Amino acid sequence: MHEAANSMNDSYAQLTELGAVTGRIGSAARLIGSMKSSIAGTIKNRKATKRITVFHEIDNTLYSATSDTFIGRVYADLGLVNIADAAATADSYGYPQLSNEYVLKSNPDII
């Protein structure tokens, strides 16, 4: 059993391995190529638009994910501003618990 992916490169490596063990190496390579192309296009188009803030709510107790996490790095690649980043020192693992007041004051564009 492997660890969860920590980056897109980890995800691509896992897809390559899955393709190898299922005998579908070519399909895996085509999927990875398609994903890379789609993600690159999305990032290029996104960076040309206005600044957008995001709050990633993990659960109903306001735990969030900073840009130090896999999902946070995806948001950063898309040019989104993560409101949890300012609270990153509240938790050494990249998943701080925010307060209602903090989220309201930050007024994220995307939740």
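The points below go through a predicted model, from the chain as a whole down to single residues.

1. Overall make-up. The chain holds 4 helices and 2 strands, and reading along the sequence gives the order α-α-β-α-β-α. Of the 111 residues in the chain, 26% are buried. Where contacts link residues at least 6 apart in sequence, 57% of them join residues at least 24 apart.

2. Overall dimensions. The radius of gyration of the chain is 17 Å, whereas a compact globule of 111 residues would have a value near 13 Å. Taken along the principal axes, the box filled by the C-alpha atoms is roughly 50 × 35 × 20 Å. Two separations between C-alpha atoms, both starting from helix α1, can be set beside these dimensions: Glu17, which lies in α1, is 42 Å from Tyr102 across 85 residues of sequence, and Thr22, also in α1, is 35 Å from Asn45 across 23 residues of sequence.

3. Geometry of helix α1. This helix covers residues 8-22, and at 1.5 Å a residue its 15 residues should span 21 Å, which agrees with the 21 Å between its end C-alpha atoms. Directly after α1 comes Gly23, with a positive phi near 75°.

4. The two sides of helix α1. Which residues of α1 are buried? They are Ser11, Tyr12 and Gly19, and because they cover an arc of only 100° around the axis, they sit on the same side of α1. The exposed residues Asn9 and Val21 are carried by the face of α1 that is turned away from its buried side. Glu17 is partly exposed, since its relative accessible area of 35% falls between the limits of 20% and 50%.

5. The end of helix α1. Thr22 is likewise a residue of α1, and a relative accessible area of 48% makes Thr22 partly exposed, as this value is not over the 50% needed for an exposed residue. The side chain of Thr22 reaches back to the backbone oxygen of Leu18, at 2.8 Å.

6. The largest nonpolar core. How many residues does the largest nonpolar core have? It has 7, namely Phe55, Leu62, Ile83, Ala84, Ala87, Leu98 and Val103. In soluble globular proteins, nonpolar side chains tend to be buried together. With neighbours within four places in sequence left aside, Leu98 is in contact with Phe55, Leu62, Ile83, Ala84, Ala87 and Val103, and its contacts also include Thr61 and Ser64.

7. Leu62 and its backbone. Leu62 is placed in the loop between β1 (53-54) and α3 (70-77), and it belongs to the largest nonpolar core. With a relative accessible area of 13%, Leu62 is buried, because this value is under 20%. A reviewer may wish to look at its backbone as well, as phi of Leu62 is near 70°, a positive value in a residue other than glycine.

8. Thr69 in the loop between β1 and α3. Is Thr69, which is found in that loop, buried or exposed? Its relative accessible area is 3%, so Thr69 is buried. A polar atom of the side chain of Thr69 lies 2.7 Å from the backbone oxygen of Thr66. Beyond four places in sequence, Thr69 is in contact with Tyr93, Gly94 and Tyr95.

9. Thr53 in strand β1. Thr53 has its place in strand β1 and is buried, with a relative accessible area of 7%. Residues up to four places away in sequence not being counted, Thr53 touches Val81 and Ile83, and also Asn107, Pro108, Asp109 and Ile110. Among these partners, Ile83 is a member of the largest nonpolar core.

10. Asn107 after helix α4. Asn107 is placed in the segment after α4 (100-106), and among its contacts is the one with Thr53 described above. What is the accessibility class of Asn107? At 58% relative accessibility Asn107 counts as exposed, because this value is over 50%. Phi of Asn107 is near 50°, which is a positive value in a residue other than glycine. Leu62 also has a positive phi, but Leu62 is buried, whereas Asn107 is exposed.

Notes
Residues numbered from 1 in each chain as written. Predicted model: local features only at pLDDT ≥ 70, side-chain atom pairs only at ≥ 80, totals over all residues. Heavy atoms only, no water. Core = buried A, V, L, I, M, F, W, Y, C linked by side-chain atoms within 4.5 Å. Buried < 20%, exposed > 50% of the residue type's maximum accessible area, 1.4 Å probe, protein only. Contact = heavy atoms within 4.5 Å. Polar contact = N/O pair within 3.5 Å; in protein donor to acceptor, adjacent residues only side chain to side chain. Expected span 1.5 Å × (residues − 1). Arc of directions from axis to C-beta. Rg over C-alpha atoms; globule rule 2.2 N^0.38 Å.
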